Amino acid sequence: MDTMRERFISVTSRELDADPRLALVLAEITVDGFRPAQQRHPERVINVGIREQLLVGVGGGLALTGLRPIVHTFASFLVERPFEQVKLDFGHQDTGGVLVSASASYDWPAGGFTHMAPGDVALMDTLDGWTVHVPGHPDEAEALLRHAYAAGDDKVYVRLSQQSNAAPLPVDGLRLRTVREGGAGTGVVVAVGPLLDNVLAATEGLDVTVLYATTVRPFDEAALRAAVGRATTDVVLVEPYLAGTSTAAAAQALAEVPHRVLGLGVGRAELRRYGTVEEHTAAHGLDPHSLRERISAFLR
């Protein structure tokens, strides 16, 4: 199976051929994968070098000319380093584009903390009008990328990861999807993106409803309310980025229903050893065994 990043290359290369409005801006990362597309469309595939603020600024400038820019690099260099440009060159200028990140929260531990971005979605959440997609499988990434490219002049952030669920689910870029239904008045667990398989393994045999999210902003309040109903309930959010990122959104959705919310995700403490992706997942309590203990303790 290819990775989400590999799928991004193949899908985007084909879309650049098909849609003359699309333009791709890179900052060295993934340049080799786009060499053929750059040779075919040198005026619309631009590599600015290791200049991330310029990367986003060029994307915003292309949007002002009427193009649909796709701006890509690692999440830490796409959201955190040039955040002022994201805020001003897209938000303040009221232009649209598609930011596509790679490397997620800790996909490349050998790169160290400079190449990790567990706070990217929380940071994007401070800005108005952004759609945020978090696919959990390369097929879902393809569907959400195509959705983003065709989304008029909307502002979209697509968060790609090396981590993946074993199988894809149908996604529409809008709604939470029910993947396991519990009894009336049981707890609700929302699994985001590539953490779905871990959540399903962790909740096996528990009487809970499991919802799956690949689009986290805007947050699907109606689906969460429907899953909760009118009974007092407990909601657990399991997100592959900073723990608690969506707890406020869930609380707002359930403002008129008695509830408790637990946010699980990547912790704030920096893990000062490189390790492996699996070791980072376990250290943050996001492996199936840790999730089962944490979810069961909360639901009791």
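**View A. V189 of β8 stands opposite V236 in strand β11.** This close-up comes from a predicted model. Strand β11 covers residues 233-242, and its pairing with β8 is parallel, over 4 bridges.

**View B. β8 also pairs with strand β9, again in the parallel sense.** Here the count is 6 bridges, and β9 takes in residues 208-213. To find your way around, look for G187, which sits opposite V208 of β9.

**View C. Helix α8 joins β8 and β9 in a right-handed β-α-β unit.** The helix is made of residues 196-202. So in one frame you get β8, α8 and β9 together, with the crossover right-handed.

**View D. β8 is covered on both faces.** Side chains in a regular strand alternate between the two faces of the sheet. One side of β8 carries G187, V189 and A191, the other V188, V190 and V192, and all of these are buried. Put as a tally, 6 of the 6 residues in the strand (187-192) are buried, which here means under 20% relative accessible area.

**View E. The largest cavity has a volume of about 100 Å³.** Rolling a water-sized probe over the atoms shows where empty space is left. Searching the whole structure turns up 1 cavity of 30 Å³ or more. Its lining includes A104, S105, Y106 and D107, plus V134, R159, L160, S161 and Q163. P194, L195 and P240 also line this cavity. Sorted by class, the lining residues come out as 7 nonpolar, 3 polar and 2 charged.

Technical notes:
Residues numbered from 1 in each chain as written. Predicted model: local features only at pLDDT ≥ 70, side-chain atom pairs only at ≥ 80, totals over all residues. Heavy atoms only, no water. Buried < 20%, exposed > 50% of the residue type's maximum accessible area, 1.4 Å probe, protein only. Helix = DSSP H or I, 4+ residues; strand = E, 2+ residues; numbered from the N terminus. Pairing = 2+ DSSP bridges. 1 Å grid on protein atoms, 1.4 Å probe; cavity = no way out; pocket = protein on both sides within 12 Å on 5 of 7 lines; lining within 4 Å. Points joined across faces, edges and corners; volume = space filled by probe spheres on them. Nonpolar A, V, L, I, M, F, W, Y, C, P; charged D, E, K, R; others polar.
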